[in-house]
Amino acid sequence: MGFKAFKWAIWFMIIANWIDPTRPEPTKSAQTLPRKTFDNYTVALHKALQFFNAQKSGKLPKNNGIPWRGNSGLHDGSQLKDVKGGLVGGYYDSGENTKFHFPLAYSMTMLSWSLIEYPHKYRAINEYNHVRELIKWGTDYLLLTFDSNATKISKIYSQVGGAYENSNVPDDISCWERPEDMDYPRPVQTAYAGPELAGEMAAALAAASIVFKDTPAYSKKLVKGAEVLFAFARDPQKRRPYSRGNPWIEPYYNSTGYFDEYLWSTTWLYFATGKLSYLSLATNPVLNRNAMSTKWSKKAGVLSWDNKVPSSLMLLTRLKKFQAPFYPYESMLREHDKLISLSMCSYLKPFHLFKWSKGGLIQLNDGEPQSLQYVANAAFLANLFADYLNASESPGWFCGSKFFTLATLRDFASSQIDYILGKNPLRLSYVVGYGEKYPNHVHHRAASIPSDGLKYSCKGGYKWWDSTKPNPNTILGAMVGGPDQFDQFHDDRRNRGSAGPTLAGNAGLVAALVSLTSGGGYGVDKNFLFSNLSPP
């Protein structure tokens, strides 16, 4: 870190002691700031949702809309004696044919959250039923991965398919085959402990129960499953990372902690049930300290499938602003508000908390691959926070003694999504099918192999891996991993990090896009999330 960056970092930590969410704001009245029309975001959103259709596993509905995809994975989990019909359904995570249940659950939580905040926008652009169908496709599958009829469980099926690193036997990595042609064993991983897996799954089911509140029987089933999973997550005997020591999971979706999932899932369960015991846990000082949500660090600003601290802080800040819970909850909620405010400050260039590329992309993962999923998440959080402030009649927020308007947050969010959509040095859209120029060598088995009625074997498919020709199938709406820290990108399907899409990445993109689109008007639905709570 250079001296200038170090100086700004020290000053930023001083700001952390200055910010007070309760301090008076400027005397000007809050207003809904005029913004430019975001029709391009609506176009991109339609496409981004189609990616989930392309990732479906199982017996596909006739209206799935992806002509080059067919039924697949119909024998997944057929070896299991306790799951009638096996583990058929769900989503493939990326360009591989593996179903990773941890990021799958996170993706469903994010889709549900975006719909709960912006149902009017989804309705206005005729995507409301579509996104609900996508969520249900995921939650129906998650309900298969544990005994959702039990009151207590001892295990969760955590993954279907996959591979050892550098494997030489036929599997999801060593083979280059369409999902429809898979002819190798697809083992099922079982977690007998795993608070982060169970916690994220509980969050996904709890959030979806609010989405499907108009279908009481299904909503209750989701809540019941969420509470059973949460009990599993909180069991002192099961507090070992689900990925630890498992070579099928650890190299790909390794968990670095589980207290953030505790905070995330207990918050969603409070919104889903209205039970104060969940709010008590969400505001428990010990839990928050263990989750690293009591003092600002970069962890509080970088949302990902592995870090739910920022999203938890955002939801709890929403509760403080719109519901104003009383003792003993308000003290910790003020801290949550303070920390998420600091995270919004950290996204601003003058504070030098994160590096930026010369082309204008914030570097939230320190130049590592798959940069865009972190950027999309930050854009969503920033615009959502602006909507929260506007709905609570606040014209902006403070970073230390300096006041910033809502336009600052909206400009950050739109600038980052604009970069993803093509406003970058390469003039390249990183969302497939959007704009005039986008990646056409996406790292994706099904997209890269022709759907021509022929079956290509495990190794026979590598003729398409090695081909310099564009993919024969356009995987519409897929956001690839993205450029490096120097704004450079190589459209090479052999590079999974830069040219590979993921469920988690697209879930964050969808959330950001729906927050920015002008369809349905601006702002959040203040009441939908609180529909199960007692009046304040």
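**Figure 1. Polar contact between the side chain of Asn 506 and the backbone of Met 479 in the predicted model.** The side chain of Asn 506 comes to 2.9 Å from the backbone nitrogen of Met 479. Asn 506 belongs to helix H18, which runs over residues 503-516. Its relative accessible area is 0%, so Asn 506 counts as buried, the limit being under 20%. When neighbours within four places in sequence are set aside, the residues in contact with Asn 506 are Ala 48, Phe 51, Phe 52, Gly 477, Ala 478 and Met 479. Met 479 thus appears both in this contact list and as the backbone partner of the Asn 506 side chain.

**Figure 2. The disulfide between Cys 175 and Cys 458.** The structure has 2 disulfides; in the one shown here, the sulfur atoms of Cys 175 and Cys 458 are 2.0 Å apart. The pair connects distant parts of the chain, with the two positions 283 residues apart in sequence. Cys 175 sits in the loop between strand E2 (156-160) and strand E3 (188-191), while Cys 458 sits in the loop between helix H15 (445-448) and helix H16 (462-465). The link is left-handed, with -90 degrees about the S-S bond. Cys 175 and Cys 458 are both buried.

**Figure 3. The disulfide between Cys 345 and Cys 399.** The S to S distance in this pair is 2.0 Å. The torsion about the S-S bond of Cys 345 and Cys 399 is about -100 degrees, and the disulfide is therefore left-handed. Cys 345 is part of helix H12 (residues 330-346) and Cys 399 is part of strand E6 (residues 396-399), so the bond ties together parts that lie 54 residues apart in sequence. Cys 345 and Cys 399 are both buried. With the bonded cysteines of the protein chain numbered in sequence order, the pairing reads 1-4, 2-3.

**Figure 4. Surroundings of Phe 404 in strand E7.** Strand E7 covers residues 402-405 and includes Phe 404. With a relative accessible area of 11%, Phe 404 falls under the 20% limit and so counts as buried. Apart from neighbours within four places in sequence, Phe 404 is in contact with Leu 348, Phe 351, Pro 395, Gly 396, Trp 397 and Cys 399. One of these, Cys 399, is a partner in the disulfide with Cys 345. The C-alpha atoms of Phe 404 and Cys 345 are separated by 9.0 Å, although the two residues are 59 apart along the chain.

**Figure 5. Helix H11 and the loop that leads to H12.** Helix H11 consists of 15 residues (309-323), and 1.5 Å a residue gives an expected span of 21 Å. The C-alpha atoms at its ends are 21 Å apart, in agreement with that value. H11 is mostly covered, 14 of its 15 residues being buried. Just after the helix comes Ala 324, with a positive phi of about 50 degrees, although this residue is not a glycine. Ala 324 lies in the loop between H11 and H12. Its relative accessibility is 53%, above the 50% limit, and Ala 324 therefore counts as exposed. The loop between H11 and H12 also holds Pro 328. The peptide bond joining Tyr 327 and Pro 328 is cis, with omega about 5 degrees.

**Figure 6. Positive phi at Asp 366.** Asp 366 is not a glycine, yet its phi is positive, about 55 degrees. The residue is placed in the loop between strand E5 (362-363) and helix H13 (371-391). Asp 366 has a relative accessible area of 60%, over the 50% limit, and so counts as exposed.

**Figure 7. The protein chain as context for the close-up views.** The secondary structure of the protein chain comprises 18 helices and 7 strands. Its C-alpha trace spans about 70 × 55 × 45 Å along the principal axes. For 536 residues, a compact globule would have a radius of gyration near 24 Å; the protein chain has 22 Å, which agrees. Of these 536 residues, 62% count as buried. Among contacts between residues at least 6 apart in sequence, 76% join residues at least 24 apart. The accessible surface comes to about 20,500 Å², and carbon and sulfur atoms account for 53% of that area.

Methods:
Residues are numbered from 1 along each chain as its sequence is written. This is a predicted model: local features need pLDDT of at least 70, side-chain atom pairs count only at pLDDT 80 or more; totals for chains, interfaces and linings use all residues. Side-chain values use heavy atoms; hydrogens and water are left out. Helices (H or I, at least four residues) and strands (E, at least two) are DSSP runs, numbered from the N terminus. The expected span of a helix is 1.5 Å times one less than its number of residues. Buried means under 20% relative accessible area, exposed over 50%, partly exposed in between (1.4 Å probe, protein chains only). A disulfide is a pair of cysteine sulfur atoms within 2.5 Å. A polar contact is a pair of N or O atoms within 3.5 Å; within protein, one must be able to donate a hydrogen and the other to accept it, and residues adjacent in sequence count only if both atoms are side-chain atoms. Contact means heavy atoms within 4.5 Å. The radius of gyration is taken over C-alpha atoms; the globule rule is 2.2 Å times the number of residues to the power 0.38. Accessible areas come from the Shrake-Rupley method with a 1.4 Å probe; for residues, only the protein chains shown count as cover.
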